[in-house]
Amino acid sequence: MMEVIKIEGGHELNGTISVGGSKNATVALIPAAVLACGGEIKIYGVPEIDDVENLINLLKELNVKVDYDGKDSISIVTDDMVNIPLESKAVTKLRASYYFMGALLGKYKRVQMKMPGGCYLGPRPIDLHLKGFEALGATVTYEQGSYIIEAKELIGNKIYLDFASVGATINIMFAAVYAQGKTVIENAAKEPEIIDVATMLNKMGANIKGAGTSMITIEGVECLVGCTHEIIPDRIVAGTYLILASAMAKEVTIENIIPHHLESLISKLQEMGVKMDVGIDTIKVSRAEKLTSVDINTQPYPGFATDLQQPLTTLLTQAEGTSIVRENIYTERFKHCLELQRMGADIQLSPAQATIEGPTPLDGDYVTATDLRCGASLIVAGLIAKGVTTIQDIYHIDRGYDNIDEKLRAIGANIWRATEKKD
Ligand code: EPZ
């Protein structure tokens with residue numbers, strides 16, 4: 001038996017929906033907390049998602065004291081922490097477990113852990129993370145499925161990233177906060193989550209400058225301590241809500257949003273003809289008369305986010321004309337298109353590209369969330385489609401969207417969970 005999400009499509013959405021804290025910031029902030037040598041790290045705005053539960057399990061393995069209220073705030077105290085190898089199943093349940101590599105290496109100069117897991121989006125190497133650790137003086141060995149990364153001492157260095165990788169930028173910051181002297185990351189990723197992580201580390205006593213630009217400087221310090229931090233809103237969840245509102249809203253207001261983080265999506269939606277009223281921390285979407293096709297080219301921030309490519313593809317099936325989606329970050333991130341085709345979408349796939357002809361009606365069907373944002377794209381499809389859509393493998397969705405069914409029900413969607421036999 002397995003849990004599925006069922007959606008009866010065609011219901012107009014009306015009301016207000018609120019965005020929680022950013023998943024991709026949270027999954028770095030929790031490992032960042034282990035860098036403290038004392039004091040309590042209190043983080044607010046923690047989203048209710050399965051990735052948080054998995055990271056808490058990893059903290060517990062390290063004998064870190066964790067107090068999570070299951071809703072909003074987490075308290076982390078590292079006084080009795082031990083640096084044991086991280087080789088349990090929890091490591092493989094999410095990609096972000098790799099942040100313990102940088103954090104434990106930074107704090108203890110040694111880490112042993114399994115290869116992290118996460119969504120399959122094609123090859124997801126971590127060579128840039130490892131090169132960064134090596135540049136700081138660490139040696140990396142891979143034995144029996146585990147990495148052992150260790151250093152006698154870590155010494156600041158200049159590190160140029162061949163690609164502006166989010167994970168490598170954050171992991172190198174973690175490894176460098178206690179390194180001797182200055183570390184400079186060139187061609188650093190500029191995502192808002194990186195600024196959030198650097199902000200919390202600086203509150204803990206780190207000396208990081210330039211987060212949010214392509215050059216980040218980290219001056220090593222002696223000791224990090226406790227702090228209080230509020231996580232930024234999740235721009236990908238906010239973007240998903242904007243997209244589904246663009247398809248089905250009578251009038252939907254999305255609140256707790258930083259519109260500046262969503263500029264590339266907002267301008268694409270405007271180009272498509274979506275009516276939006278952008279406030280300081282809210283966006284109101286009203287139903288458009290007609291949607292027109294646009295082309296999308298995914299890029300690192302502030303370019304169009306790869307994580308929003310999948311839900312936007314669903315909306316493009318409702319737009320008049322031909323849309324071309326080029327995926328430059330994860331060239332195989334098109335599994336959602338196969339599911340959308342089952343529902344009636346006209347999508348041609350070629351390497352790293354999808355060509356969508358619209359508008360096409362969508363029909364409810366049995367579909368599978370093959371990864372997190374594929375799940376989001378299928379929720380958008382289910383809301384649009386005629387009849388009932390059943391989404392399988394919803395554990396992917398629960399990794400990143402907190403209470404999405406409950407929140408959508410509150411604005412008029414007919415969406416519910418059920419238990420069914422696996423087909
Ligand atoms: C982060 O993954 C996000 N995950 C992803 O979110 C997001 O899709 C991705 O950034 C891009 O924005 C988290 O923050 C936990 P990258 P990350 O390193 O850090 C290549 C979601 O749905 N690369 O910026 O793993 C890589 O193959 C997800 O929430 C290397 O070649 O992404 C990719 O082509 C999934 N070597 C590109 O860089 C490396 O060592 C960008 O990856 C690292 C990356």
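Here is a short, friendly note on how the ligand is held in this structure and on a few backbone details worth a look.

1. Before you start, keep in mind that this is a predicted model. Please read the distances and angles below as values taken from that model.

2. Where does the ligand sit? Look for the largest pocket, since that is where you will find the ligand. Helices are a good guide to the surroundings: H1 (23-33), H5 (127-135), H6 (166-176), H10 (306-316) and H12 (372-384) are the elements that each give two or more residues to the shell around the ligand.

3. Now zoom in on that shell. The ligand is surrounded by 24 residues, and the closest are Leu 128, Ser 165, Asp 307, Ile 329 and Arg 373. Sorted by class, the shell has twelve nonpolar, seven charged and five polar residues.

4. Why does the ligand lie between two domains? Domain 1 (2-20 + 233-420) gives residues to the shell and so does domain 2 (23-230), and therefore the ligand lies between them. Try colouring the two domains separately to see this arrangement for yourself.

5. Next, follow the polar side chains. Ser 165 has a side-chain N or O atom 2.6 Å from an oxygen atom of the ligand. For Tyr 330, a side-chain N or O atom is 2.9 Å from a ligand oxygen. Asp 127 faces a nitrogen atom of the ligand instead, with a polar side-chain atom 2.8 Å away. How much of the ligand does the protein cover? On its own the ligand has 830 Å² of accessible area, and the protein covers 89% of this.

6. Two peptide bonds deserve a second look. Most peptide bonds are trans. Between Tyr 301 and Pro 302, however, the bond is cis, with omega at about 10°. Pro 302 belongs to the loop between strand S17 (296-297) and H10. Another cis peptide bond links Gly 358 to Pro 359, and here omega is about 0°. You can find Pro 359 in the loop that runs between strand S20 (353-358) and strand S21 (366-368).

7. One more backbone angle is worth checking. Most residues other than glycine have a negative phi. Ala 352 has a positive phi, near 60°. To locate Ala 352, go to the loop between strand S19 (346-350) and S20.

Terms used. Residues numbered from 1 in each chain as written. Predicted model: local features only at pLDDT ≥ 70, side-chain atom pairs only at ≥ 80, totals over all residues. Heavy atoms only, no water. Near = heavy atom within 4 Å. Polar contact = N/O pair within 3.5 Å; in protein donor to acceptor, adjacent residues only side chain to side chain. Areas by Shrake-Rupley, 256 points an atom, 1.4 Å probe, with all protein chains shown as cover. 1 Å grid on protein atoms, 1.4 Å probe; cavity = no way out; pocket = protein on both sides within 12 Å on 5 of 7 lines; lining within 4 Å. Sits in = over half its atoms within 2 Å of the grid points. Helix = DSSP H or I, 4+ residues; strand = E, 2+ residues; numbered from the N terminus. Nonpolar A, V, L, I, M, F, W, Y, C, P; charged D, E, K, R; others polar. Domains from an automatic or database assignment.
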